[in-house]
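Colleague: I should like to learn how the features of a structure such as this one are to be read. Would you take me through them in turn?

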Amino acid sequence: QVQLVESGGGLVQAGGSLRLSCAASGGIFSNYAAGWFRQAPGKRREFVAAIRWSDGTTYYADSAKGRFTISRDNAKNTVYLQMNSLRSEDTAVYFCAADPLGRVSQYDYWGQGTQVTVSS
């Protein structure tokens with residue numbers, strides 16, 4: 001059973017930074033894809049960034065380009081989302097997701113989410 005556990009959320013002032021972590025267990029992740037999504041109150045969940053575990057290819061939403069960086073640590077089975085220059089509109093619950101087939105368009109496993117609040 002694949003499990004994903006996010007951490008690193010919190011309260012930060014606008015312009016600040018946070019690094020989210022997603023620790024994965026219960027699978028062999030060498031061919032997985034991992035993604036970060038977010039959902040703000042009253043809004044639909046939206047894609048933020050994704051990475052292919054095998055070769056490190058990354059994908060970003062326009063809102064994340066230039067400010068967020070997704071990366072992975074193979075030894076720790078952990079995916080990170082470094083978020084810089086945070087804005088109030090980045091406030092949301094951030095979810096980690098994983099797909100065992102390496103797709104970045106759909107995901108089979110989801111974490112419980114971590115709250116990010118950006119104060120202006």
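Modeller: Let us start with burial, where a residue under 20% relative accessible area is buried, one over 50% is exposed, and those in between are partly exposed (1.4 Å probe, protein chains only). Arg 38 has a relative accessible area of 6%, so this residue is buried. The model is a predicted one, in which local features need pLDDT of at least 70 and side-chain atom pairs count only at pLDDT 80 or more, whereas totals for chains, interfaces and linings use all residues. Residues are numbered from 1 along each chain as its sequence is written, and side-chain values use heavy atoms, with hydrogens and water left out.

Colleague: With which residue does the side chain of Arg 38 meet in a salt bridge?

Modeller: A salt bridge is assigned when a side-chain nitrogen of Lys or Arg lies within 4 Å of a carboxyl oxygen of Asp or Glu. Here the partner of Arg 38 is Asp 90, at 2.9 Å from N to O. This pair links distant parts of the chain, 52 residues apart: Arg 38 belongs to strand E4 (residues 33-39), while Asp 90 sits in the loop between strand E8 (78-83) and E9. Strands (E, at least two residues) and helices (H or I, at least four) are DSSP runs, numbered from the N terminus.

Colleague: Is Asp 90 buried or exposed?

Modeller: Asp 90 has a relative accessible area of 1% and therefore counts as buried. Its carboxylate also forms a salt bridge with the side chain of Arg 67, at 2.8 Å from N to O. That second pair spans 23 residues, with Arg 67 in the loop between strand E6 (58-60) and strand E7 (68-73) and Asp 90 in the loop between E8 and E9. Arg 67 is likewise buried, at 8%.

Colleague: Which residues are linked in a network of salt bridges?

Modeller: The network comprises Arg 38, Glu 46, Arg 67 and Asp 90. The whole structure contains six salt bridges. Another of them joins Arg 103 and Asp 108, at 3.8 Å from N to O. Arg 103 is partly exposed at 25%, and Asp 108 is partly exposed at 43%.

Colleague: How many disulfides are there, and how should one be read?

Modeller: A disulfide is a covalent bond between the sulfur atoms of two cysteines. The criterion applied is a pair of cysteine sulfur atoms within 2.5 Å, and the count is one. Cys 22 and Cys 96 form this disulfide, with their sulfur atoms 2.0 Å apart. Because Cys 22 lies in strand E3 (residues 18-25) and Cys 96 in strand E9 (residues 92-99), the pair ties together parts that are 74 residues apart in sequence. The torsion about the S-S bond is about -75 degrees, so the disulfide is left-handed. Cys 22 is buried at 1% relative accessibility, and Cys 96 is buried with a relative accessible area of 1%.

Colleague: How many aromatic pairs are counted?

Modeller: Rings of Phe, Tyr and Trp (its six-membered ring) pair if their centres lie within 6.5 Å; planes under 30 degrees apart are stacked, over 60 edge-to-face, and the rest tilted. The count is six. One of them is the tilted pair of Phe 37 and Trp 110, with 5.0 Å centre to centre and 55 degrees between the planes. Phe 37 in strand E4 and Trp 110 in strand E10 (residues 109-110) are 73 residues apart, so this pair also links distant parts of the chain. Phe 37 is buried at 11%, whereas Trp 110 is partly exposed at 31%. Ring pairs join Phe 37, Phe 47, Tyr 107 and Trp 110 into a cluster.

Colleague: What is the make-up of the chain in helices and strands?

Modeller: The chain has zero helices and eleven strands. The C-alpha trace spans about 40 × 25 × 25 Å along its principal axes. Of the 120 residues, 42% are buried. Taking a contact as heavy atoms within 4.5 Å, 54% of the contacts between residues at least 6 apart in sequence join residues at least 24 apart.
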